[in-house]
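Colleague: Before I rely on the terms used for this model, I should like to hear the grounds for each of them.

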Amino acid sequence: MRTFPMLSFPSRKSKIRTETALIVSQCSRQLSPAHTRYGTAFLFVSYLVTWSGVEISPGEESLPSDDYVDDRYVVVWEVATGRPLRWFPVYKRTEPTAEEGKELPAVWPIFKWSPDDTYFARLSENVISVYTTPSMGLLGKKKIAIPGVQAFEWSPTDPIIAYWTPEMGDSPARVCLLEIPSRVELRQKGLYSVSNVQLKWKEDGNFLSCRVIRFGKNRKHQYTNFEIFHMRDKNYPIDILEFKEKEKVSAFEWEPKGNRFGVIHGEEANYADVSFYSMDSTSTGKLKHIFTVPKKQFKAILWSPLGTVALLARVGHPSEATNGTYEWYNVTEHELIGLAEHYSATHLEWDASGRFVCSYTTYESWEADNGYNIYNISGRMTATVNMNKMYQFLWRPRPQLYLTAEQEKNVRKNIKKYREEFKREDDELKESMRSGKAAERRDMRLKWAEYLGTKADLIKAIEDKLAEFSIGKEDDYIEIEEFEEEFIDIKEEVDRTRKMLNSDDERD
């Protein structure tokens with residue numbers, strides 16, 4: 001779910017009162033996620049969620065709400081009309097393992113949406129409440145009771161919720177897959193010695209990663225392992241990736257296109273290894289180690305939106321000594337393809353095409369050295385701009401690719417062949433420029449244009465003369481039709497000298 005700093009409502013159909021609109025402009029905002037399937041155009045966004053520090057009075061007398069709560073801090077609006085659909089209270093939760101009465105802070109976003117905006121859900125103490133759109137009613141008029149539930153996430157492609165619960169008494173911690181709206185439990189995995197679980201879906205919904213942080217011996221240390229669900233296989237098999245007890249995992253990122261992921265892990269405080277793994281395929285379900293980049297000071301893995309290339313980076317505060325160091329890796333070829341440095345950078349972003357990366361420094365993060373650098377996919381700098389008090393940098397959004405999965409797979413499979421063809425064309429072009437053939441053709445074009453310029457008066461005179469005689473116009477032609485009559489004389493003659501044939505006649 002993304003939050004947006006500004007949103008304007010249609011003025012013609014908006015029913016939000018002036019004082020309500022002012023509150024909306026000063027509170028947290030959240031848009032439903034369906035827009036991500038069509039780019040970032042607001043035209044396709046259906047709902048807006050606002051959370052204000054004061055109660056909002058939308059001016060609707062019969063809006064549905066929870067009967068036993070009177071506060072109206074959270075409101076769901078219909079973006080197309082600006083009409084409020086329902087208000088909600090802000091629930092407070094307590095930790096099941098903490099002392100009685102210890103409350104957890106409220107989290108934003110309050111609601112999490114299904115990929116098609118059909119459902120949205122919220123977490124409260126021991127329950128997950130799922131609502132339907134556009135009625136805004138509770139699914140089945142009943143909340144889903146789950147004792148101790150700590151977190152949940154929607155599948156990015158299917159109406160499936162993944163959630164986890166901690167250990168309680170003799171019962172283990174659990175990670176469960178729940179189908180909506182049937183509420184059928186598709187799969188669960190019991191876990192012991194669990195401190196925390198972090199759920200991360202792959203963008204295409206093929207895999208679910210559960211980062212399980214466990215207690216070590218005597219509960220003095222913690223270590224991490226990953227439970228990875230195969231969502232497209234029968235019975236949802238699980239792969240397990242384990243790390244040593246002293247190793248800390250600082251980052252995990254799925255490849256956007258493909259079945260690979262990267263992990264930053266290590267025992268040392270300042271240095272860590274970056275390992276890449278492949279799920280091989282959804283049919284075999286085998287976890288495979290690809291290669292490891294040892295002893296690096298990176299904090300983040302940023303995959304190209306098209307996959308294959310992973311950017312390893314250390315992005316933090318410019319005051320850090322190793323901030324702003326970058327390395328580009330072709331994960332398919334297992335090779336380093338680029339290096340760069342931008343020590344004052346506070347942000348790092350790929351463009352939507354996966355061809356360029358921008359590192360930049362904003363005034364709010366660091367008052368000095370504001371500006372941006374742009375690098376190509378192999379780490380070569382293509383532009384650098386210094387800018388006083390730069391506050392924001394945004395890439396232009398791009399339309400959705402219309403290649404099928406099979407076509408994309410074919411391009412990736414034959415990328416070496418295409419690379420050779422393009423290289424040959426580039427070499428031919430360079431050779432043509434070096435040999436002077438391109439300059440020769442340019443001179444010929446200029447001479448021809450110059451020749452036509454010298455004959456412009458002659459051409460104009462001929463055109464005027466033709467116009468004077470009206471040659472070539474339809475009005476100058478008269479269509480004449482001629483008809484000829486031919487009389488044919490028919491004369492019939494009878495030869496009376498010949499005899500009639502009979503049966504005795506032997507002539508043919």
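The exchange below takes the terms one at a time.

Modeller: Please keep in mind throughout that this is a predicted model.

Colleague: What does the secondary structure of the protein chain come to, and how much of the chain counts as buried?

Modeller: The protein chain has five helices and 30 strands. Of its 508 residues, 37% count as buried. The accessible surface comes to about 32,500 Å², and 50% of that belongs to carbon and sulfur atoms. Among contacts between residues at least 6 apart in sequence, 42% join residues at least 24 apart.

Colleague: What makes the set around Val175 and Leu177 a nonpolar core?

Modeller: The term requires buried residues of the nonpolar kinds, joined through side-chain atoms within 4.5 Å. The largest such set has 18 residues, and those with the most contacts inside it are Val175, Leu177, Val197, Leu208, Cys210 and Phe229. Two or more residues come from each of strand 12 (160–165), strand 13 (173–179), strand 15 (194–201) and strand 16 (207–215). Strand 15 gives the most, with four residues. Another core, of 16 residues, lies apart from this one and includes Ile128, Leu139, Val149 and Cys176. In soluble globular proteins, nonpolar side chains tend to be buried together.

Colleague: Which residues does Leu208 touch, leaving aside those up to four places away in sequence?

Modeller: Leu208 touches Ala162, Leu177, Leu199, Lys200, Trp201, Glu227, Ile228, Phe229 and Met231.

Colleague: Why are helix 3 and helix 4 called roughly perpendicular to each other?

Modeller: The axes of helix 3 (residues 415–435) and helix 4 (residues 437–454) cross at roughly 70° and come within 4 Å. Angles of 65 to 115 degrees count as roughly perpendicular, and the two helices are therefore described in that way. Ser432, Met433 and Ser435 of helix 3 make the contact with Lys437, Ala438 and Arg441 of helix 4. By kind, these residues divide into two nonpolar, two polar and two charged.

Colleague: Why does Ser193 count as partly exposed, and where does this residue lie?

Modeller: Partly exposed is the class between under 20% and over 50% relative accessible area. Ser193 has 29% relative accessibility and therefore belongs to that class. The residue is in the loop between strand 14 and strand 15. Its phi is near 55°, a positive value in a residue other than glycine. Lys295, in strand 22 (residues 288–296), likewise is not a glycine and has a positive phi, of about 50°.

Colleague: Why is Gly324 called buried, and which residues does Gly324 touch beyond those up to four places away in sequence?

Modeller: Buried means under 20% relative accessible area; Gly324 has 0% relative accessibility, so the term applies. Gly324 lies in the loop between strand 24 (309–314) and strand 25 (325–330). Beyond its sequence neighbours up to four places away, Gly324 touches Arg314, Ala340, Glu341, His342 and Tyr343. The C-alpha atoms of Gly324 and Ala345 are 5.8 Å apart, with the two positions 21 residues apart in sequence numbering.

Colleague: What is omega for the cis peptide bond that joins Thr133 and Pro134, and where does Pro134 lie?

Modeller: Omega is about 5° for that bond. Pro134 is in the loop between strand 9 (127–132) and strand 10 (144–145). A cis peptide bond also leads from Ile180 to Pro181, with omega near 15°. Pro181 is in the loop between strand 13 and strand 14 (185–191).

Note on methods:
Residues are numbered from 1 along each chain as its sequence is written. This is a predicted model: local features need pLDDT of at least 70, side-chain atom pairs count only at pLDDT 80 or more; totals for chains, interfaces and linings use all residues. Side-chain values use heavy atoms; hydrogens and water are left out. Buried means under 20% relative accessible area, exposed over 50%, partly exposed in between (1.4 Å probe, protein chains only). Contact means heavy atoms within 4.5 Å. Accessible areas come from the Shrake-Rupley method with a 1.4 Å probe; for residues, only the protein chains shown count as cover. Axes are lines fitted to C-alpha atoms, for helices over the stretch in contact, and angles run from 0 to 180 degrees between N-to-C directions. Angles under 35 degrees count as roughly parallel, over 145 as roughly antiparallel, 65 to 115 as roughly perpendicular and the rest as oblique. Ala, Val, Leu, Ile, Met, Phe, Trp, Tyr, Cys and Pro count as nonpolar, Asp, Glu, Lys and Arg as charged, and the others, Gly among them, as polar.
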